[in-house]
Each structure stands twice: as structure tokens, then as C-alpha cells.
Amino acid sequence: MYAALIVAAAAVDPMALVDTASGRWAEVLMDVSRSLGGSPEDRRQLLASVLERAQVLAQAGGKLSPQESTVIGEVLLPTVEEEIQPAILREFQTAQDLFNAKVDDLMIVSARTNFSLPVAVAADKRVDACRLLQKQRMGALEICSAQEQERLAGLQAACKAAQGEADLACKVLDDTSDQMKSQVQADLTASCEFAHAERQKISTLLDKFSALEATVQEKAQAHRGLRDKCGKRREVALTKCAVEEAGEDPCAPVREDVAASRQQCSRAVEAALLSKCEYGTALQGHCAGLDEITALQQRIQAPSRNDSLSEPDRQQEWVVVQNVTCLLEALRDQGDLGSAAIAACMAPRAYPRTFDFREADLAAVAGGGAACAGEVTFSGVSWATGETAAGFVRSEDHPEFDGDQRHPPFPFCAGQLGL
């Protein structure tokens with residue numbers, strides 16, 4: 001930056017300026033040579049030294065020598081005007097560009113954050129609606145199952161009663177058959193005994209025996225018919241019970257609804273977790289960007305004797321540069337200065353730049369900053385689940401946000417998004 005001034009200053013031998021007039025600038029040139037190429041603080045010290053000595057020389061009066069005029073016109077003024085002033089403006093632009101870049105980045109992250117929040121809220125509300133429907137369907141299934149169990153219990157009781165009636169009827173037939181057999185046996189025995197006693201009436205007895213045998217066969221045939229009827233009745237009772245117990249499940253449609261709700265809610269929960277964690281990650285970037293801009297703004301606004309970002313230092317340095325330039329130009333042009341001219345050169349000078357801190361843009365993107373400090377609300381509720389409808393419990397939920405980008409944004413994001 002100061003190469004030309006170094007070369008020019010080196011070409012002038014300060015020790016050669018030994019007469020009264022030229023010797024006044026020897027120390028100035030030596031200070032310039034020592035300070036060039038240093039930090040912003042070195043430059044400010046140089047300018048302060050030049051300004052102080054220029055004031056002293058101007059107040060001392062006396063004409064400048066040709067060498068002094070050459071030093072002012074060809075070394076000091078060009079350096080101040082062509083290198084120091086542009087350097088100050090470049091530092092201003094560098095600080096402004098850096099600040100603008102930070103704000104522009106924040107606006108991009110903020111747009112992503114603002115977009116992802118309603119997406120996450122909608123996804124969380126879908127989970128809430130899904131869980132509510134799942135609870136209702138599980139309740140309906142429990143009611144249906146209870147009613148079906150009650151119906152089956154009634155059927156089983158009716159079937160057992162029918163089976164009991166069939167068994168009783170068959171027992172009555174069995175008892176009747178036994179009695180009939182005993183009676184027939186008694187009749188046959190009596191007939192045989194009577195035949196032995198009354199052989200002479202054998203013809204009549206044979207006819208009577210034949211009639212009795214026919215009666216026995218007829219009763220036996222009737223008994224077999226009743227027996228078959230009893231067996232069929234029992235078979236019908238058993239078949240009816242089996243059909244009733246093995247019939248279609250009336251709760252099957254409700255059971256299918258419950259299974260469908262379980263799958264739908266599983267997908268909804270997964271999508272909501274992803275959306276909320278993506279929002280949390282974006283919000284972490286938003287909050288980190290706000291912190292960076294706040295820190296950068298503090299650096300720019302704070303006076304610091306060795307920071308090229310300090311705007312107060314830059315403004316002060318600019319005023320000094322203008323004072324020095326005015327004094328040097330006046331000395332070069334007039335040879336010496338009166339107190340009025342010196343006072344005019346030392347008057348306050350306007351700074352040609354205004355730093356844009358982008359207040360409107362920052363106000364627009366800083367709205368989400370409140371979330372950087374605590375809880376975030378999505379749907380505002382969460383669900384505990386269980387194997388029954390009673391296990392589904394809805395509660396208020398506002399997850400705690402962690403703005404540290406080294407941690408998951410929310411506790412439930414551990415394991416999500418590679419966090």
C-alpha cells in the first residue's frame with residue numbers, strides 16, 4: 001500500500017535537511033519510513049504524528065524550502081490521497097461486504113426456516129388426527145369384541161340346552177326300548193309256559209304267538225324310527241352349534257380399520273419427526289447466523305485501536321486524513337499558514353460513507369429469534385399409546401429447543417438426520 005511512499009522517503013536523506021527550514025520535516029519522514037506497511041494502528045499513529053507535526057510547522061511560520069515542498073507535493077500528499085484514503089474506503093467496503101454476506105446468508109437460512117415450520121406443524125397435526133382416529137377405532141373394536149363374546153356365550157348356552165334336550169329324548173327312547181324288550185320277553189315266556197300247559201290248544205297259541213311276534217316287530221320298527229329321529233336331532237343340534245361358532249367374524253371390518261390406522265399413524269409419525277427435525281436444524285442455523293451477525297455488528301460499532309472492522313476508528317481516521325491533507329495542501333500552496341487557515345483545516349469533516357446495518361432485513365428475519373431461547377410449539381400435543389383405547393392419552397407438548405449445532409435440535413431428533 002505504501003510502497004511509493006517508502007521509495008520516495010528513502011530517496012530523501014533526512015540528515016541532509018540540516019538547515020532550519022528543511023530540518024523541520026526530518027522527523028516526519030523518519031516516522032513515515034518506520035510506520036509504513038504496519039497495522040491499522042500503525043497507520044493511525046503515523047497520521048496522528050504527521051498531523052501534529054504539520055500543525056507545529058504551520059504555526060511556527062516561515063517559508064518552506066524547495067525540498068520541503070517536494071516532500072509534501074510528491075511524497076506525503078500522494079500517499080495520503082492515493083493510498084491512505086483509498087485504503088480506508090476499501091476497509092469500509094470490506095466490512096460492508098462481510099456484513100452483507102452474513103445477512104444474505106441469514107436471509108436464505110431464515111427462508112428455509114420459515115418454510116419448514118408450517119410443514120412441520122401440519123405434519124404434527126396429521127399425527128394428532130391419526131392418533132385420535134386410531135383411539136376411536138380401537139374403542140369400536142373393543143365394543144364389537146365384547147358384544148361378539150356376549151353373543152357367542154348366548155349361542156353356546158342355547159346349543160348346550162339343545163344338546164341336553166336331544167340327549168334326554170334319546171334316553172327316554174332307550175328306557176322305553178328296555179321296558180318294551182322286558183315286556184316282550186315276559187309275554188314270550190308266559191306264552192311258552194302257557195303252551196306247555198295247554199298243548200291241546202297249540203294251534204290257537206301259534207296264532208296268538210304269530211300275532212305277538214308281529215306286534216313286537218312293529219314296535220321294534222317304530223323304535224328304530226324314533227332312534228334315527230333322536231340321532232338326527234342330536235346331529236342337527238351339534239351342527240348348528242358348530243356353524244354358529246365357526247361363522248364369519250362380525251368384527252373383521254373394524255379390526256381391519258384398526259390395522260390400517262396403525263400403519264397410517266406409523267407413517268405419519270415418521271414423516272412428522274423428519275419434518276420437525278429438519279425445522280430444528282434450520283432453526284439452529286438461523287440462530288447461529290443471528291449470533292454471528294450480532295458479534296460482527298458489535299465489532300464494527302465498537303472503537304478498537306487495532307481492528308480494521310471498527311467503523312468509529314475508520315471515521316476518526318478519515319477526519320484526521322482530511323485535516324492532514326488540508327494542512328499539507330495549504331503549506332504546499334501558500335508556504336506558511338496563519339491561525340485562521342490552521343483552524344479551518346482542523347474543522348470537523350464529513351465522513352463520505354454510511355454503514356448499512358440492514359435494519360429492515362434483520363427485523364424481517366429476526367422474528368424466529370424468540371425460539372432460539374426455549375420451547376417450540378408444533379401441534380402443541382403429543383400422544384402416549386398402548387394396546388387398548390385407554391392407553392391412548394393426549395397431552396400438551398412444547399419440545400425444548402437446543403440451539404447448539406453440536407447437539408440435536410430436539411430430544412426426539414437423536415438418531416434422526418444422522419444426528
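This is a short walk through one protein model, from its nonpolar cores to its disulfides and a pair of strands. Keep in mind that the model is predicted.

**The main core**

Let's start inside. The largest nonpolar core holds 29 residues, and those touching the most other members are Phe 99, Leu 106, Ile 293, Ile 300, Leu 328, Phe 355 and Leu 362. Four helices each give two or more residues to this core: H4 (66-197), H6 (252-301), H7 (311-334) and H9 (359-365). Of these, H4 brings the largest share, with 13 residues.

What does Ile 300 touch, leaving aside residues up to four places away in sequence? The list runs to Ala 95, Phe 99, Leu 309, Ser 310, Glu 311, Pro 312, Phe 355 and Phe 357. Two of those names, Phe 99 and Phe 355, also appear among the core members with the most contacts.

There is also a second core, separate from the one just described, made of 12 residues. Cys 287, Val 376, Phe 378 and Phe 401 are among them.

**Two glutamines in helix H4**

Helix H4 has some buried polar residues worth a look too. Take Gln 96, which sits in H4 and counts as buried at 7% relative accessibility, because the cut-off for buried is under 20%. Setting aside residues up to four places away in sequence, Gln 96 touches Thr 354, Phe 355 and Asp 356. Gln 96 and Thr 354 are 258 residues apart along the chain, yet 9.7 Å separates their C-alpha atoms. Phe 355, by the way, is the core residue we met with Ile 300.

Gln 134 is also found in H4. Its relative accessible area is 4%, so Gln 134 is buried. Which residues does Gln 134 touch, not counting those up to four places away in sequence? They are Ser 261, Arg 262, Cys 265 and Phe 392.

**An unusual backbone angle**

Now for Arg 358, in the loop between helix H8 (339-345) and H9. Arg 358 has a positive phi, about 55°, even though this residue is not a glycine. Is Arg 358 buried or exposed? Its relative accessible area is 12%, so Arg 358 is buried.

**The disulfides**

A disulfide is a covalent bond between the sulfur atoms of two cysteines. How many disulfides does a search of the whole structure find? The search turns up 5, and here are three of them.

| Pair | S to S distance | Torsion about the S-S bond |
|---|---|---|
| Cys 144 and Cys 251 | 2.0 Å | -100° |
| Cys 277 and Cys 413 | 2.0 Å | about -105° |
| Cys 326 and Cys 345 | 2.1 Å | -65° |

Handedness comes from that torsion. The link of Cys 144 and Cys 251 is left-handed. Cys 144 lies in helix H4 and Cys 251 in the loop between helix H5 (202-245) and H6, so this pair ties together parts that are 107 residues apart in sequence. Cys 144 is buried, with a relative accessible area of 14%, and Cys 251 counts as buried at 1% relative accessibility.

The Cys 277 and Cys 413 disulfide has a torsion of about -105°, so this one is left-handed as well. Here Cys 277 is in helix H6, while Cys 413 belongs to the segment after strand E2 (393-396), and the two are 136 residues apart. Cys 277 has a relative accessible area of 0% and is buried; Cys 413 counts as buried too, at 0% relative accessibility.

Then comes the link of Cys 326 and Cys 345, again left-handed. Cys 326 is in helix H7 and Cys 345 in helix H8, with their positions 19 residues apart in the chain. Both Cys 326 and Cys 345 are buried.

**A pair of strands**

To finish, look at strand E1 (residues 381-384). In a regular strand the side chains alternate between the two faces of the sheet. How do the side chains of E1 point? Val 381 and Trp 383 point to one face and are buried, while Ser 382 and Ala 384 point to the other face and are not buried. E1 runs antiparallel to E2, and 4 bridges join the two strands. One of the residues in these bridges is Ser 382, whose partner in E2 is Ser 395.

Conventions:
Residues are numbered from 1 along each chain as its sequence is written. This is a predicted model: local features need pLDDT of at least 70, side-chain atom pairs count only at pLDDT 80 or more; totals for chains, interfaces and linings use all residues. Side-chain values use heavy atoms; hydrogens and water are left out. A nonpolar core is a set of buried Ala, Val, Leu, Ile, Met, Phe, Trp, Tyr and Cys residues joined through side-chain atoms within 4.5 Å. Buried means under 20% relative accessible area, exposed over 50%, partly exposed in between (1.4 Å probe, protein chains only). Contact means heavy atoms within 4.5 Å. A disulfide is a pair of cysteine sulfur atoms within 2.5 Å. Two strands pair if DSSP finds at least two bridges between them.
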